[in-house]
Amino acid sequence: MIKTLKIDVDKCNGCRACEVICSSFHASPRYSSNNPARSRIRVLRDPLRDVYVPVYAGDYTMAECAGRDQYTIDGKVYDECSFCRASCPSREEFKEPDSGLPLKCDMCEGEDQPLCVKWCMVDALTLEIREEEAEEEPAVPEAETLETGLEALADKYGLKTIQTALARLALKE
Ligand code: SF4
Ligand code: SF4
């Protein structure tokens with residue numbers, strides 16, 4: 001089962017309720033705080049042009065892309081990264097503010113439906129579920145997840161700093 005969020009930018013009014021509930025659900029302990037900077041869905045807002053684009057976080061990417069396109073849809077101009085779901089080096093969205101670790105939507109794991117969908121009063125967000133043939137699982141998913149986190153930390157603090165910290169940890173053991 002593949003779950004995705006269908007987004008209707010024409011219905012979104014930029015209220016940011018989705019950011020509030022997402023960051024609150026993922027707070028530790030759960031619901032103890034809310035901070036849209038920690039949300040896995042971010043609303044790109046340009047009220048003067050009536051542009052509101054909710055984007056939910058996808059995978060981390062090490063390199064920013066070379067394309068810088070603009071889209072004009074129904075007379076509204078959307079800038080370069082408006083529709084991009086990646087946590088990437090060229091912007092602050094979808095990064096844990098304290099650690100710099102990438103954030104990714106987990107579809108509110110454990111809930112009967114995504115909370116951003118539930119909290120969106122104007123139905124700009126809809127859950128879509130489709131079946132796909134199961135692909136063979138990679139042999140070491142945990143290692144890939146770990147590597148992604150380390151890459152993000154290396155991007156933020158530099159490889160040398162991470163190596164020094166790891167060496168210090170190894171000495172403590
Ligand atoms: S809750 Fe709905 S209307 Fe409000 S910002 Fe999010 S997607 Fe847009
Ligand atoms: S589905 Fe859940 S984790 Fe994903 S963006 Fe919505 S509230 Fe956040």
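# A chat about a predicted model

Author: In this predicted model, the largest nonpolar core has 21 residues, and C18, C22, I41 and C116 are the ones that touch the most other members.

Reader: Which elements give two or more residues to this core?

Author: Those elements are α1, β2 (41–46), β3 and α2 (115–119), and of them α1 gives the most to the core, with 4 residues.

Reader: What is C18 in contact with, if we leave aside its neighbours within four places in sequence?

Author: With those neighbours set aside, C18 is in contact with I41, V43, P54, C116, W119, C120 and L125.

Reader: And is there a general idea behind a nonpolar core, I mean, what do nonpolar side chains tend to do?

Author: In soluble globular proteins, nonpolar side chains tend to be buried together.

Reader: OK, let me step back to the whole chain, how many helices and strands are there?

Author: The chain has 4 helices and 6 strands, and when it is read along the sequence these follow the pattern β-α-β-β-β-β-α-β-α-α.

Reader: What does the C-alpha trace span, and what share of the residues counts as buried?

Author: Along its principal axes the C-alpha trace spans about 60 × 40 × 35 Å, while 21% of the 173 residues in the chain count as buried. If you take the contacts between residues at least 6 apart in sequence, 61% of them join residues at least 24 apart.

Reader: Which domains is the chain divided into?

Author: The division gives domain 1, covering 2–132, and domain 2, covering 136–173. Their centres, taken over C-alpha atoms, are separated by 26 Å, and the contact takes 6 residues from domain 1 and 7 residues from domain 2.

Reader: On the side of domain 1 that touches domain 2, how do the residues divide?

Author: On that side of domain 1 there are 5 nonpolar residues and 1 polar residue, with no charged ones.

Reader: Switching to the ligands, which residues come nearest to ligand 1?

Author: There are 15 residues around ligand 1, and C12, C15, A17, C18 and C120 come nearest. The elements that give two or more residues to this shell are α1 (17–25) and β3 (51–56), and by class the shell is made up of 12 nonpolar, 2 polar and 1 charged residues. You have already met C18, since that residue is also among those touching the most other members of the largest nonpolar core.

Reader: Then what surrounds ligand 2?

Author: Ligand 2 is surrounded by C22, R40, I41, Y56, C105, D106, M107, C108, P114, L115 and C116. Sorted by class, this shell has 9 nonpolar and 2 charged residues, and no polar ones.

Reader: I can see strands lying side by side, so how do β2 and β3 run?

Author: β2 and β3 run antiparallel and are joined by 6 bridges, with R42 standing opposite V55 in β3. The two strands form a hairpin that has 4 residues between them, and in its turn D50 has a positive phi of about 60°.

Reader: Which other residue has a positive phi although it is not a glycine, say in the loop between β4 and β5?

Author: That is D74, whose phi is positive at about 50°, and its place is in the loop between β4 (71–73) and β5. There is also D123, with a positive phi near 55°, which is found in the loop between α2 and β6 (125–130).

Reader: Do D74 and D123 count as buried or exposed, and why?

Author: D74 counts as exposed because it has 6 C-beta neighbours inside 10 Å, and D123 counts as exposed because it has 10 such neighbours; the cut-off for exposed is 12 or fewer.

Reader: Where is E93, and why does it count as buried?

Author: E93 is found in the loop between β5 (76–78) and α2, and it counts as buried because it has 20 C-beta neighbours inside 10 Å, with 20 or more being the cut-off for buried. The C-alpha atom of E93 is separated by 18 Å from that of M107, which is 14 residues away along the chain.

Reader: Last one, which peptide bond is cis?

Author: The peptide bond from S28 to P29 is cis, with omega near -5°, and P29 lies in the loop between α1 and β2.

Terms used:
Residues numbered from 1 in each chain as written. Chains lettered and ligands numbered in written order. Predicted model: local features only at pLDDT ≥ 70, side-chain atom pairs only at ≥ 80, totals over all residues. Near = placed C-beta within 6 Å. Nonpolar A, V, L, I, M, F, W, Y, C, P; charged D, E, K, R; others polar. Domains from an automatic or database assignment. Contact = placed C-beta atoms within 7 Å. Core = buried A, V, L, I, M, F, W, Y, C linked by C-beta atoms within 7 Å. Pairing = 2+ DSSP bridges.
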